[in-house]
Amino acid sequence: MVVVMGPGATEGDIVAVVSQVETAGGEAFVSRGINRTIIGLVGDLQQFGALNLRGLRGVHDVIRISVPYKLVSRENHPERSVVRVGGVPIGPGTMTLIAGPCAVETPEQTLAAAQMAQAAGATLLRGGAYKPRTSPYAFQGLGEAGLKILAEVREETGLPIVTEVVDARDVDLVASYADMLQVGTRNTQNFALLQAVGQAGKPVMLKRGMNGTIEEWLMSAEYIAQRGNLDIVLCERGIRTFETATRNTLDISAVPVAQRLSHLPVIVDPSHSGGRRDLVLPLTRAAIAVGADGVIIDVHPHPESALCDGPQALVDGDLRELAKVVRDLPPLVDRVLTQPVRV
Ligand code: PEP
Ligand code: MN
C-alpha cells in the first residue's frame with residue numbers, strides 16, 4: 001500500500017501518517033520526489049485499512065498496489081518519470097547519450113575519452129574508478145584517485161559524471177564526487193549496497209543483473225526507492241543466455257516491458273551487451289528504435305592498451321557515425337537528443 005501526499009503536504013502531515021502506521025504495528029518508508037512525497041507501507045494491510053489514512057491532512061491518495069515493487073511501479077505513478085543528473089534529463093521525450101571510458105586510467109586518457117564522448121553528443125560522462133572485475137588479478141580501478149580525475153575532467157568539459165560504486169562502505173565517498181551513482185550487474189542484488197545508495201542523495205543508475213529477471217531488477221530498484229530515493233534509471237546491459245557469439249544477449253524487449261511496469265527511465269548499454277565494437281552501433285540503433293530513454297557507451301582513445309574492456313570501446317573513427325545515429329534516429333520515435341546543460 002502506498003500513501004501519496006498532496007503537493008501542499010507539510011512535514012507535520014507526513015510525520016502524522018508515519019506515526020499512525022507505526023502505532024498500527026506497520027513500517028512506513030518516506031520517499032521524497034521532486035513533485036510529491038510518497039510513503040510506502042509495510043505490514044498488515046487490513047489494519048491500515050482501519051486507519052482511514054485517506055482522511056488524514058495532506059494525503060492525496062492511498063493506493064493498493066498489486067505488484068511487489070510498489071514505489072517504482074506504474075500503478076503507483078502512471079506518468080513516466082524524468083531523472084535529472086547534474087541538470088541533464090533522462091526520460092520521455094529525450095534520448096540521452098552517456099559515454100566515456102570503461103575505467104578511469106590516467107587524466108589524459110579520461111579527458112581524451114570525455115572529449116570524444118562530447119564530440120559525439122554525450123551530455124554525461126561515464127567512467128569507473130572502482131571496477132567490479134571477475135578476476136581478482138584484473139585492474140580494479142584507481143579508487144579515489146580515479147574520482148579526482150573524473151572531477152577534474154568534469155571541470156574541464158562541463159560533463160556531469162556517472163561512476164560505479166561497488167561497496168556500501170564507499171558510497172559516501174563516491175557520492176561526494178559523482179553526479180550519478182552506478183550499481184553494476186554483479187551488485188544488483190547486493191541489498192546493503194542498494195539501501196546505502198538509496199540514502200546517498202544522488203541519482204542512481206541500476207544495471208540489470210546478468211542472471212536477473214525483470215521483476216528481480218524492479219525489486220532491486222524498490223530497495224533503493226524504499227530508502228527515500230526515487231531518482232533511479234534502469235539500465236538493460238544484456239543477460240546470460242546459451243549464446244556465446246556475444247558477451248551477453250541484449251534483451252531488447254526488456255526496454256518496453258520495464259517501461260510499462262515501472263515509471264522509471266530505462267536506458268541501454270550496447271557496449272557491455274555485445275562486448276564487441278562492431279556491435280555497438282547496430283545495438284544503439286536498436287535501443288533508440290525500441291524507445292530507450294538513453295544509451296551508455298564505452299569510448300577510449302587507445303583501446304588496444306585499455307586496462308578494461310578495450311575490445312568493445314568505440315574509437316575516434318566510429319564517432320562520426322555515433323553522432324549521426326544519436327542525432328537522426330530519436331526524432332523518428334518522437335524524441336530529441338538531450339542538449340548539454342553547460343559547456
Ligand atoms: C560498466 O559499466 O563499467 C560495467 C562494469 O558494467 P556491467 O555492470 O553492466 O558489467
Ligand atoms: Mn566495462
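These are my notebook entries on one sheet and on the two domains of this chain.

**Entry 1: the model**

I noted at the start that this is a predicted model.

**Entry 2: the domains**

I looked up how the chain is divided. The domain assignment gives domain 1 as residues 2-63 and domain 2 as residues 83-337. I then looked up the distance between their C-alpha centres, which is 34 Å.

**Entry 3: the sheet**

Next I turned to the strands. In what order do the four strands of the open sheet lie? I read the order as E2-E3-E1-E4, and the pairing is antiparallel. I reminded myself that strands of a sheet pair through backbone hydrogen bonds.

Which strands are at the edges? They are E2 (27-32) and E4 (59-63), and each of them pairs on one side only. I also looked up the twist. On average, neighbouring strands of this sheet are turned by 20 degrees against each other, direction ignored.

**Entry 4: the hairpin**

I followed E2 to its partner. E2 and E3 form a hairpin, with four residues between the two strands. E3 covers residues 37-42, and its antiparallel pairing with E2 runs over six bridges. I picked out two positions along this pair. Glu-27 has Val-42 of E3 as its bridge partner. Ser-31 stands opposite Ile-38, also in E3.

**Entry 5: the helix**

I looked for what lies across the strands. Helix H1 (residues 11-23) lies across E1 (2-5), E2, E3 and E4. Its direction makes an angle of about 155 degrees with E2.

**Entry 6: where the domains touch**

I went back to the two domains and looked up their interface. How much area do domain 1 and domain 2 bury between them? The value is about 500 Å², with 59% of it on carbon and sulfur atoms. On the domain 1 side, Phe-29, Ser-31 and Ile-34 lose the most area to domain 2. Together these three account for 66% of what that side buries. I had already met Ser-31 in the hairpin, opposite Ile-38.

I checked for charged pairs and polar pairs. The rule finds zero salt bridges across this interface. One residue pair is in polar contact between the domains, counting pairs with both residues at pLDDT 80 or more.

Which strands supply the side of domain 1 that touches domain 2? E2 and E3 each give at least two residues to it. The largest share, four residues, comes from E2.

**Entry 7: what I take away**

My last note is about E2. This strand is at an edge of the sheet, is part of the hairpin with E3, and gives the largest share of the domain 1 side that touches domain 2.

Definitions and conventions. Residues are numbered from 1 along each chain as its sequence is written. Chains are lettered from A and ligands numbered from 1 in the order in which they are written. This is a predicted model: local features need pLDDT of at least 70, side-chain atom pairs count only at pLDDT 80 or more; totals for chains, interfaces and linings use all residues. Side-chain values use heavy atoms; hydrogens and water are left out. Two strands pair if DSSP finds at least two bridges between them. Axes are lines fitted to C-alpha atoms, for helices over the stretch in contact, and angles run from 0 to 180 degrees between N-to-C directions. Contact means heavy atoms within 4.5 Å. Domain bounds come from an automatic or database domain assignment. Buried area is the accessible area (1.4 Å probe) that two parts lose on being put together, summed over both. A salt bridge is a side-chain nitrogen of Lys or Arg within 4 Å of a carboxyl oxygen of Asp or Glu. A polar contact is a pair of N or O atoms within 3.5 Å; within protein, one must be able to donate a hydrogen and the other to accept it, and residues adjacent in sequence count only if both atoms are side-chain atoms.
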